Amino acid sequence: MTRAVIVGNRRITGLSADVIAELVTELGPLWHERHQARLASRPRRRAVGAGAKYRFVFVDRLLAALVHLRHGATHDVLSCWFGVDRSTITRAIGEVRPLLAERGCTISPGVRLRTLAEIIDHLGASGQTGIVDGTEIRVRRPATGRTDRDKFISGKNKQNAVKTMVRTDENGRVLFCSPARPGSCADITHARQLGLVKLLADGPAVEILADAGYQGLGAQTGGRVVTSPHRKFKKDAPDWYEEMHERRRKAHSSRRIRVEHGIAHLKNWRALARHLGRREHVSDTIQAVAGLLSHQQTADLDPERER
């Protein structure tokens with residue numbers, strides 16, 4: 001009954017029944033393979049397959065992970081919903097989340113993008129404009145006495161957070177979410193650490209729109225990173241300059257706003273609105289949600305599904 005309710009109501013997982021079925025078909029064999037490898041990787045007193053059998057099948061494990069990511073439901077609540085022990089839910093989510101994170105972002109049926117280099121090549125081949133921006137996800141405060149505790153404090157939001165770089169196309173479709181970095185890391189520093197400058201300088205001619213946090217990358221990439229116009233007059237600017245600057249700023253913002261829409265769709269998944277789990281799992285959570293969102297967006301745009 002629980003399975004039918006979750007699959008039949010898109011508001012619970014954010015995914016259609018067809019997309020969930022595709023996930024089961026794709027990830028089920030991978031999960032089973034890793035599960036068997038884990039059982040055989042250590043010395044055993046009994047043969048693999050002996051003992052109690054799992055009642056919590058892979059479909060239910062996947063659905064539990066999806067509900068957790070979408071609504072931030074606690075493991076205790078999910079254990080009551082599915083009728084299993086809390087530790088079973090914790091283990092299931094820990095096994096499914098990496099599988100979802102490794103899928104990458106879907107741009108068309110059967111085509112996935114997993115690395116920043118693949119994103120640049122895709123934008124260059126399709127002639128599209130990319131948009132980049134950083135977003136922060138609030139996390140729990142590190143323990144007292146931890147040496148790198150201050151690294152997670154965001155100077156922008158004055159809270160403990162991690163940061164990820166989101167890349168979308170000109171229509172706001174999510175193409176890439178980077179692994180998380182501590183909140184004190186600046187946007188431009190994060191982009192350089194990911195190798196964006198080298199990829200743009202050596203790769204195809206691609207236009208990338210960014211906000212003022214990425215000013216300086218334009219000069220390093222031959223003008224391929226376009227940031228908001230720099231204000232030349234600090235004060236007492238002529239009226240004609242004020243009008244021109246405001247017009248250029250609005251034109252740039254109206255194109256760059258698509259990435260904000262993409263980030264908003266990501267934050268609709270409660271696991272990214274505020275991450276209450278372990279900080280080591282944030283990167284997998286971000287990339288899992290980005291992959292699921294892009295898969296559903298691709299499915300919604302596929303005309304074959306409407307027939």
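Here a trainee and a mentor talk through some features of this predicted model.

Trainee: Let's start with His190, in helix 8 (residues 187-193). Why is His190 called buried?

Mentor: The relative accessible area of His190 is 3%. Buried means under 20%, so His190 earns the word with its 3%.

Trainee: What makes the link between the side chains of His190 and Ser178 a polar contact?

Mentor: The side chains of His190 and Ser178 are joined at 3.4 Å, and the cut-off for such a pair of N or O atoms is within 3.5 Å. Ser178 is also among the residues in contact with His190 beyond its neighbours within four places in sequence, as are Lys163, Thr164 and Met165.

Trainee: On to helix 5 (residues 75-82) and helix 6 (residues 86-101). Why are helix 5 and helix 6 called roughly perpendicular?

Mentor: Their axes come within 8 Å and cross at roughly 105 degrees. Angles of 65 to 115 degrees count as roughly perpendicular, so that is the term for helix 5 and helix 6.

Trainee: Which residues make that contact?

Mentor: From helix 5 come His75, Asp76, Leu78, Ser79 and Phe82, and from helix 6 Arg86, Ile89, Thr90 and Ile93. By class, the contact has 4 nonpolar, 3 polar and 2 charged residues.

Trainee: How do you know that strand 1 (residues 105-108) and strand 2 (residues 111-113) pair?

Mentor: Pairing asks for at least two bridges, and strand 1 and strand 2 have 3, in the antiparallel sense. Cys105 stands opposite Leu113 in strand 2. The hairpin has 2 residues between the strands, and Gly110 takes a positive phi near 85 degrees.

Trainee: What about Arg167 in strand 4 (residues 161-168): why does Arg167 count as buried?

Mentor: The relative accessible area of Arg167 is 0%. With the cut-off for buried at under 20%, Arg167 is therefore buried. Not counting residues up to four places away in sequence, Arg167 touches several residues, including Leu116, Ile131, Val174 and Phe176.

Trainee: How far is Arg167 from Ile131 in sequence and in space?

Mentor: Arg167 and Ile131 are 36 residues apart in sequence, and 5.7 Å apart in space from C-alpha to C-alpha.

Trainee: One last residue: His245, in helix 11 (residues 239-267). What makes His245 count as buried?

Mentor: Use the cut-off of under 20% again. His245 has 10% relative accessibility, so His245 counts as buried. Leaving out residues up to four places away in sequence, His245 touches Pro229, His230 and Arg231.

Technical notes. Residues numbered from 1 in each chain as written. Predicted model: local features only at pLDDT ≥ 70, side-chain atom pairs only at ≥ 80, totals over all residues. Heavy atoms only, no water. Helix = DSSP H or I, 4+ residues; strand = E, 2+ residues; numbered from the N terminus. Buried < 20%, exposed > 50% of the residue type's maximum accessible area, 1.4 Å probe, protein only. Polar contact = N/O pair within 3.5 Å; in protein donor to acceptor, adjacent residues only side chain to side chain. Contact = heavy atoms within 4.5 Å. Axes fitted to C-alpha atoms, helices over the stretch in contact; angles between N-to-C directions. Parallel < 35°, antiparallel > 145°, perpendicular 65-115°, else oblique. Nonpolar A, V, L, I, M, F, W, Y, C, P; charged D, E, K, R; others polar.
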